[in-house]
Amino acid sequence: MEPAHGMVAGCELCDGLKTAVPRVAPGRDESMRNAQPQGSAQALAGRIVEWLPFDNMHHQWLLLAACFWVIFMFMVASKFITLTFKDPDVYNAKQEFLFLTTVPEMGKLPEEKHFPEEPKPTGNTVPGSRPAQPLVYMQRLELIRNVCRDEALRNLSHTAVSKFVLDRIFVCDKHKILFCQTPKVGNTQWKKVLIVLNGVFPSIEEIPENVVHDHEKNGLPRLSSFSDVEIQKRLKTYFKFFIVRDPFERLISAFKDKFVHNPRFEPWYRHEIAPGIIRKYRRNRTETRGIQFEDFVRYLGDPNHRWLDLQFGDHIIHWVTYVELCAPCEIAYSVVGHHETLEDDAPYILKEAGIDHLVSYPTIPPGITVYNRTKVEHYFLGISKRDIRRLYARFEGDFKLFGYQKPDFLLN
C-alpha cells in the first residue's frame, strides 16, 4: 500500500485539501494505515484530479475581477485629474466665480467718495432703473466729472455743444443710441455696427467700404439734423458712448494715414493740407521733402493754429481733441471705451446698449489695440522739447480727462 500512502503524503502539501485527506496520527499502529482498502485510495485520487482544475479556475476569475476593478478605479481617477487641472474652461469658471464672490459692492468701497452719477439709460432699461456697471467704467466717468470741475483745466476740458459737435454724433433711433465719432480710434467699425442696427444692411460683412463714410448712403443720421427739442430729448434719454486712445498715439496714426499712406480717394491731404503746413511751419526753407512729423507737431502745438484749421475745413477732425469732438463735460455719456481695452469694452458697450444679441463688433486683429510706446518715442525722437511741450499743452485736457499718463520724454 505504499503508493497510496505516498499520494496522501503529497496531498498534505495542498492547503485546500488538508481536511479532505485523512492523516495517520504518529505512533498509531501500522495496521491501521494498511487497513485502508486500495479502492478508497483510488477514489480519493480521482476527486483530487477533478478538484484541482476547479480551484485554479476560481483563482483565475478572482484575479481577473481584481484587475478589472483596479483598471476601473484608475480610469475614474484619471478623468477626475484631467477635469480638475487640464480643462481651461473649468479652471476659468472657478476663477471667475472666486472673483465674483470676493469683489466688494461698488457702493461700499472703503474710504472712497463717489459723486452723484448722471442717469445712464440703455436701450433695454426699464424707466427709473439703472443697470450696475463694472467698477472700471464707473471710475472713468467719475474721472471725467472730477476733471470737468477743475477750474484750472476749464479751457481745456469744456466746449460748447455746437453744430460741429452735433455733426460728430450719429443716431440710431430704433435702439435709442448716440455714438460720437473719434477718428483713428476704431470709428469705422462702430459706424458699421450702427448701419446694421439701422437696417440699411443685414450684416457688417455686406457693407461696401465706400459706403461706410458716405453719409448720403449709409443711413446714419447726424444729431444736428434734428430740431433743438428733439436733440435735447435724445441727449437726455439715449444711450451715449464714444471711444478714446492715447492722444499722442492717435496723432501718429492720423499723420501716417493721411500724409504717409495717403489714400487715393483723399488727395487733398497731400496736395492741399500738407503744403499749407509746410509753408507755415517748416523751419528749414531749403528742405524739399514732403511733410514731416516735426512739421505736423509744430502746426498742432501752435496756439494760433485755428486760422489754418478754418482753411482745411472738417478734414481736421482726424487730429482735433476729444473735447472739441464730443464735449464730454457738457454731455453725460453712458460709457467711454478705451482703444487699449477694446476687446473688453466693445462687448460691454453692446450689452449695456441692449444690442449684444443683434450685432457683434467686428473681429479685432491681434495686437492692434496694444499701446506701442516704442513707436511713440521713435516719432518724437529729434523733435525739440519746446515743440513737444506746446503740443502736450493743447492736448492736456484729453490726457487728464481720460486718465492717460504724461509721456516719459516730457518728464525730464
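**Exercise 1. State the accessible surface of the chain and the share of it that belongs to carbon and sulfur atoms.**

Solution. The chain has an accessible surface of about 24,600 Å², by the Shrake-Rupley method with a 1.4 Å probe. Of this surface, 59% belongs to carbon and sulfur atoms. The model is predicted, and totals for chains, interfaces and linings use all residues, while local features need pLDDT of at least 70 and side-chain atom pairs count only at pLDDT 80 or more. Residues are numbered from 1 along each chain as its sequence is written, and side-chain values use heavy atoms, with hydrogens and water left out.

**Exercise 2. Decide whether helix 8 (residues 187-197) is largely enclosed or not, and list what it packs against.**

Solution. Step one is to count buried residues (under 20% relative accessible area, 1.4 Å probe, protein chains only). In helix 8, 9 of the 11 residues are buried, so the helix is largely enclosed by the rest of the structure. Among them are Trp190, Lys191, Lys192 and Leu197. Step two is to find the partners in contact (heavy atoms within 4.5 Å). The buried residues pack against strand 1 (169-172), strand 2 (177-180), strand 3 (239-244), helix 9 (209-212) and helix 16 (342-352). Just after helix 8, Gly199 has a positive phi of about 85 degrees.

**Exercise 3. Describe how helix 11 (residues 247-261) crosses helix 13, and which residues make the contact.**

Solution. The axes, lines fitted to C-alpha atoms over the stretch in contact, come within 11 Å and cross at roughly 120 degrees. That makes helix 11 oblique to helix 13, oblique being any angle outside under 35, 65 to 115 and over 145 degrees. The crossing is right-handed. Leu251, Ile252, Phe255 and Phe259 of helix 11 meet Phe293, Phe296 and Leu300 of helix 13. By class, this contact has 7 nonpolar, no polar and no charged residues.

**Exercise 4. Describe how helix 13 (residues 293-301) crosses helix 18 (residues 385-401), and give the classes of the contact residues.**

Solution. The two axes come within 8 Å and cross at roughly 50 degrees. That makes helix 13 oblique to helix 18. The crossing is left-handed. Val297, Arg298, Leu300 and Gly301 of helix 13 meet Asp387, Arg390, Leu391 and Arg394 of helix 18. The contact has 3 nonpolar, 1 polar and 4 charged residues, with Gly counted as polar. Leu300 of helix 13 takes part here and in the contact with helix 11.

Key
Axes fitted to C-alpha atoms, helices over the stretch in contact; angles between N-to-C directions. Helix = DSSP H or I, 4+ residues; strand = E, 2+ residues; numbered from the N terminus. Left-handed = near helix turned anticlockwise from the far one by under 90°. Buried < 20%, exposed > 50% of the residue type's maximum accessible area, 1.4 Å probe, protein only.
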